[in-house]
Amino acid sequence: MKKRLLSVLCALTLILALFPVTAGASDMGKAGQTNTVSAGYIHTVAIEADGTLWAWGDNECGELGDGTTEDRLFPVQVMKNVAAVSAGIGYTMAIKTDGTLWAWGRNDWGQLGNGGVGNDKAREGRTI
């Protein structure tokens with residue numbers, strides 16, 4: 001079942017990358033207002049024109065940044081005032097407009113830069 005879900009999420013991510021759409025005005029802002037999209041291995045993140053960060057897809061390691069490990073088939077708002085974002089394999093990093101770097105999700109090789117290892121579903125900010 002997990003492999004089938006992952007296949008569906010990968011296909012959805014590819015479709016969204018080729019044909020950007022939003023979940024609807026009530027869920028993710030107005031259509032056509034997405035500034036940046038980054039696709040990880042099996043999750044996707046997007047910054048709306050107003051600086052809100054949205055995420056969807058697999059969330060096994062907390063890579064969506066919503067404080068859970070629940071997979072999301074539709075975008076969920078993660079944070080505001082985001083200037084840049086990058087999705088990795090099971091983790092996400094974002095730079096907010098105040099210059100702080102935020103990282104969350106998979107961390108088995110220390111990729112979050114928080115001095116430890118182990119998944120972190122809580123967002124953690126650092127000034128860069």
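Let me start with R72, which at 23% relative accessibility counts as partly exposed, and please keep in mind throughout that what we are looking at is a predicted model. To see why 23% leads to that label, remember that partly exposed covers the range between 20% and 50% relative accessible area, and the value for R72 falls in that range, so R72 is called partly exposed rather than buried.

Now, what does R72 pair with? One partner is D66, with which R72 forms a salt bridge whose closest N and O atoms are 2.9 Å apart. D66 itself has a relative accessibility of 19%, and because buried means under 20%, D66 counts as buried. A further partner of R72 is E70, and here the two side chains meet in a salt bridge with an N to O distance of 3.8 Å. E70, at 46% relative accessibility, counts as partly exposed, since that value does not pass the 50% above which a residue would be called exposed.

As general background for those of you who are new to this, side chains of opposite charge can pair when their charged atoms come close.

Let me move on to another pair, R106 and D108, whose side chains meet in a salt bridge at 2.9 Å, again taken from N to O. Both of these residues are partly exposed, R106 with a relative accessible area of 24% and D108 with one of 33%. Returning to the earlier group, salt bridges that share partners join D66, E70 and R72 into one network.

How many salt bridges are found when the whole structure is searched? The search finds three, and I have now described them to you one by one, R72 with D66, R72 with E70, and R106 with D108.

Let me finish with the protein as a whole. Its secondary structure comes to two helices and eight strands, and if you read along the sequence, you will meet them in the pattern α-α-β-β-β-β-β-β-β-β. The protein has 128 residues, of which 38% are buried. Turning to contacts, if we take those with a separation of 6 or more, residues 24 or more positions apart account for 38% of them. Finally, the accessible surface of the protein comes to about 7000 Å², and 57% of that surface belongs to carbon and sulfur atoms.

Notes: Residues numbered from 1 in each chain as written. Predicted model: local features only at pLDDT ≥ 70, side-chain atom pairs only at ≥ 80, totals over all residues. Heavy atoms only, no water. Salt bridge = Lys/Arg side-chain N within 4 Å of Asp/Glu carboxyl O. Buried < 20%, exposed > 50% of the residue type's maximum accessible area, 1.4 Å probe, protein only. Helix = DSSP H or I, 4+ residues; strand = E, 2+ residues; numbered from the N terminus. Contact = heavy atoms within 4.5 Å. Areas by Shrake-Rupley, 256 points an atom, 1.4 Å probe, with all protein chains shown as cover.
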